[in-house]
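Me: I should like a close look at a single part of the structure below, namely the part annotated as a binding site. Please describe it residue by residue where possible, and then set it in its surroundings.

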Amino acid sequence: MCISYGDSCFTVTIWGKLEVVVLVVVDTVGYPNVLPHFPFSLISLSLSPSYHQTLDTKDLKVSKVTANGQAAKFTLGPKHSFMGTPLEITLPFDLSRGQHVIVEVTYETAPNASALQWLTPEQTAGKKHPYLFSQCQATHCRSMVPCQDTPAMKHTYYAQVSVPKELVAVMSAVRDGEEPDPQDSSRAIYHFRQPVPMPSYLIAIVVGALESREIGPRSRVWSEKELVDKAAYEFSETETMLKTAEGLAGPYVWGQYDILVLPPSFPYGGMENPCLTYATPTLLVIAHEISHSWTGNLVTNKTWEHFWLNEGHTVYLERMIGRSMESEQFRQFKAMGGWKELQESVNTFGANNPLTNLVPNLNEVDLDEAFSSVPYEKGFALLYHLEELMGGPEVFMGFVKSYIQLFSYSSITTEEWKHYLFTYFKNKVDILNKVDWNAWMHTPGMPPVKPQYDTTMADACIALCKRWGDLGNFSEGDVKTLSTHQLIEFLSLLLQQEPLPLSHVKRMQEVYQLNAFNNAEIRFRWLRLCVKSKWEDAVPMALKMATEQGRMKFTRPLFKEVYNFDKYREEAVRVFIAHRAAMHPVTANLVSKDLKVDNDKST
């Protein structure tokens with residue numbers, strides 16, 4: 001694979017296993033002119049007066065750098081354990097202000113590039129063709145493209161992708177046509193353009209035997225043909241959610257909103273790549289990813305310490321969409337579930353762990369290891385608390401919409417957000433000054449204030465949970481009256497308690513037949529509950545779920561649960577090692593640490 005990319009201005013080359021050739025033209029200022037030299041060319045862009053350019057790289061083998069066709073000096077700095085290696089480029093001539101320069105970097109990526117996952121035909125649904133997908137968040141783009149790999153920098157881009165004609169390419173950009181490759185009749189070239197500035201972590205490319213179905217006036221769902229019709233059905237409410245979000249947050253500026261259903265090894269439930277949301281078969285509701293079109297993609301955290309600005313606001317907007325489409329009680333119910341997820345993350349990290357700060361210090365911290373529900377749910381809890389103080393959801397959503405409008409196309413910090421909060425609510429500064437900002441932002445553990453949520457929908461879950469303190473009279477009707485969301489909440493409540501006696505989980509299966517549920521959120525919690533209670537029959541089912549899909553939210557806790565069952569600790573390690581090669585690199589790395597597996601010996 002070859003990709004050309006420019007932040008201030010440069011071109012790059014990557015080779016990979018699918019013989020995919022990609023030219024990506026990136027401009028931090030505006031839409032650039034594209035030079036005809038393909039595939040090893042790029043653009044003219046304005047550089048700063050400095051004739052030095054430092055780019056982030058990770059495991060890239062750089063062979064040549066030129067500037068306006070002249071050889072340029074370059075050096076690779078010392079390698080950092082997880083941040084990679086700086087690439088320092090020195091131009092062979094002096095620059096004048098406003099001068100345009102074409103910088104070209106020729107390199108190869110490593111076979112284990114952390115941004116790229118190459119699937120064999122056997123790892124796909126169709127079993128006939130290989131498959132490539134990228135995942136750059138948070139700092140993996142540098143393993144695919146030399147770049148300034150920080151959310152503080154935003155750029156537009158244009159791309160040409162040449163692939164074998166039996167395959168299809170899609171990117172985090174608007175599709176701009178396709179044509180036969182004039183240099184090779186067995187290949188096709190796909191064109192893409194992304195005119196809205198975005199950070200490097202949102203660059204995405206997928207190549208596979210893909211088909212699509214229209215699901216709305218500006219949306220298509222993409223997948224392998226074996227899954228595409230089911231996916232089109234699952235995501236049929238996309239346009240309704242988009243319109244609801246626009247009513248809350250303002251116009252959708254990205255043009256196309258497509259959904260790509262990835263093979264199950266993708267480590268996250270979804271990823272909000274502009275114009276191409278990633279989803280896995282385990283993700284059935286995309287209100288969160290839609291919300292990112294405003295909070296995260298349009299207004300972005302300047303550094304990853306401020307990740308809560310992306311995720312807390314997105315959860316808030318997601319739940320406001322749920323409020324509009326369902327009810328206020330539904331929003332309250334989902335908020336209660338989020339509080340429990342936050343409690344679980346705090347328990348996992350430890351209540352004094354600084355990574356549970358809303359604004360943590362991430363110096364020398366591997367961002368993959370810092371990932372948790374804290375920025376999502378602690379961030380939401382703060383926004384909900386402020387909503388209560390400022391006058392309710394309509395009033396506070398007015399602030400959120402105004403905040404999005406003011407900071408659109410920008411990357412900001414918590415201080416900038418807070419300053420605007422005080423400016424917008426200038427008549428309520430006395431109330432805002434009473435908020436314990438240090439406790440919310442810079443103190444580990446649970447928030448200083450626990451919101452009082454409406455428990456209407458939760459009461460039935462709580463009552464059923466309490467009944468299982470004893471082996472009383474139970475029937476299938478206990479769960480028939482619960483919604484899917486309530487059943488998930490019931491199991492979550494049980495997980496927060498001491499493990500149930502083995503007799504209780506066996507009885508629960510006998511009465512409710514929970515093994516037959518295919519909903520991933522239900523099945524995940526049920527299998528964890530069984531393994532915690534040391535039901536040996538559940539171990540193979542838990543390991544099966546942990547390996548059949550690669551979503552870290554499910555895979556890591558399931559492996560850890562089995563690992564903590566002493567009798568099956570070695571089995572957990574054995575199964576992980578057997579399936580490691582099929583996992584996403586980020587997932588495999590973190591599970592190996594969870595199970596204390598030596599990375600060098602597990603391959």
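Reply: M552 is a suitable place to begin: in this predicted model, it belongs to helix α18, which covers residues 552-563. M552 counts as buried, because its relative accessibility is 8% and the limit for that class is under 20%. Its contacts, with neighbours up to four places away in sequence set aside, are P267, Y268, P557, V586, T587 and L590.

M552 is one of the residues in the UniProt annotation "binding site", which comes from an unreviewed entry. According to that record, the annotation covers Q135, C136 and Q137, then P267, Y268, G269, G270, M271 and E272, and also R551, M552 and K553. Q137 and Y268, from this set, are included in the lining of the largest cavity. Y268 thus appears both in that lining and among the contacts of M552. P267, another contact of M552, is likewise covered by the annotation.

The annotated residue G270 lies in strand β20, which consists of residues 270-271. G270 is classed as buried because its relative accessibility is 13%. Beyond four places in sequence, G270 touches Y278, A279, L283 and E289. Two of these, Y278 and A279, are residues of the neighbouring strand β21, which covers 276-279.

β20 and β21 run antiparallel and are joined by 2 bridges. In this pairing, M271 stands opposite Y278; M271 is itself among the annotated residues. The hairpin that the two strands form has 4 residues between them, and C275 there takes a positive phi near 70°.

β21 deserves attention as the partner of β20. In a regular strand, the side chains alternate between the two faces of the sheet. In β21, L276 and Y278 point one way, whereas T277 and A279 point the other way. These four residues are all buried. β21 is also joined to strand β19 (residues 258-261), here by 4 bridges and in a parallel arrangement. Within that pairing, I259 stands opposite T277. T277 therefore sits in a strand with an antiparallel partner, β20, and a parallel partner, β19.

These pairings form part of an open sheet of 5 strands, in the order β17-β18-β19-β21-β20, with mixed pairing. β20 stands at one edge and β17 (210-216) at the other; each has a single partner strand, so one side of each is left without a neighbour in the sheet. The strand that holds G270 is accordingly an edge strand, yet G270 counts as buried at 13% relative accessibility.

A further annotated segment has a backbone feature to record. The peptide bond from Q137 to A138 is cis, with omega near 5°. A138 lies in the loop between β11 (131-134) and β12 (155-164). Q137, on the other side of this bond, is one of the residues included in the lining of the largest cavity.

Two positive phi values from other loops may be set beside that of C275. E364 has a phi near 60°, a positive value in a residue other than glycine, and is found in the loop between α5 (328-349) and α6 (367-370). It is classed as exposed because its relative accessible area is 55%. K534, also not a glycine, has a positive phi of about 60° and lies in the loop between α16 (520-532) and α17 (538-548). At 44% relative accessibility, K534 counts as partly exposed.

The chain as a whole gives the setting. It contains 20 helices and 23 strands, and its C-alpha trace spans about 80 × 60 × 45 Å along the principal axes. Its radius of gyration is 25 Å, which agrees with the value near 25 Å for a compact globule of 603 residues. Buried residues make up 60% of the 603, and M552 and G270 belong to that class. Among contacts between residues at least 6 apart in sequence, 68% join residues at least 24 apart. The chain exposes about 24,200 Å², of which carbon and sulfur atoms supply 51%.

Key:
Residues are numbered from 1 along each chain as its sequence is written. Side-chain values use heavy atoms; hydrogens and water are left out. UniProt positions are given in the numbering used here, feature names are shortened, and annotations may be inferred rather than shown by experiment. On a 1 Å grid over the protein atoms alone, a cavity is a set of points where a 1.4 Å probe fits but cannot get out, and a pocket is an open set with protein on both sides within 12 Å along at least five of seven lines; lining residues have an atom within 4 Å of a point. Buried means under 20% relative accessible area, exposed over 50%, partly exposed in between (1.4 Å probe, protein chains only). Contact means heavy atoms within 4.5 Å. The radius of gyration is taken over C-alpha atoms; the globule rule is 2.2 Å times the number of residues to the power 0.38. Accessible areas come from the Shrake-Rupley method with a 1.4 Å probe; for residues, only the protein chains shown count as cover. Two strands pair if DSSP finds at least two bridges between them.
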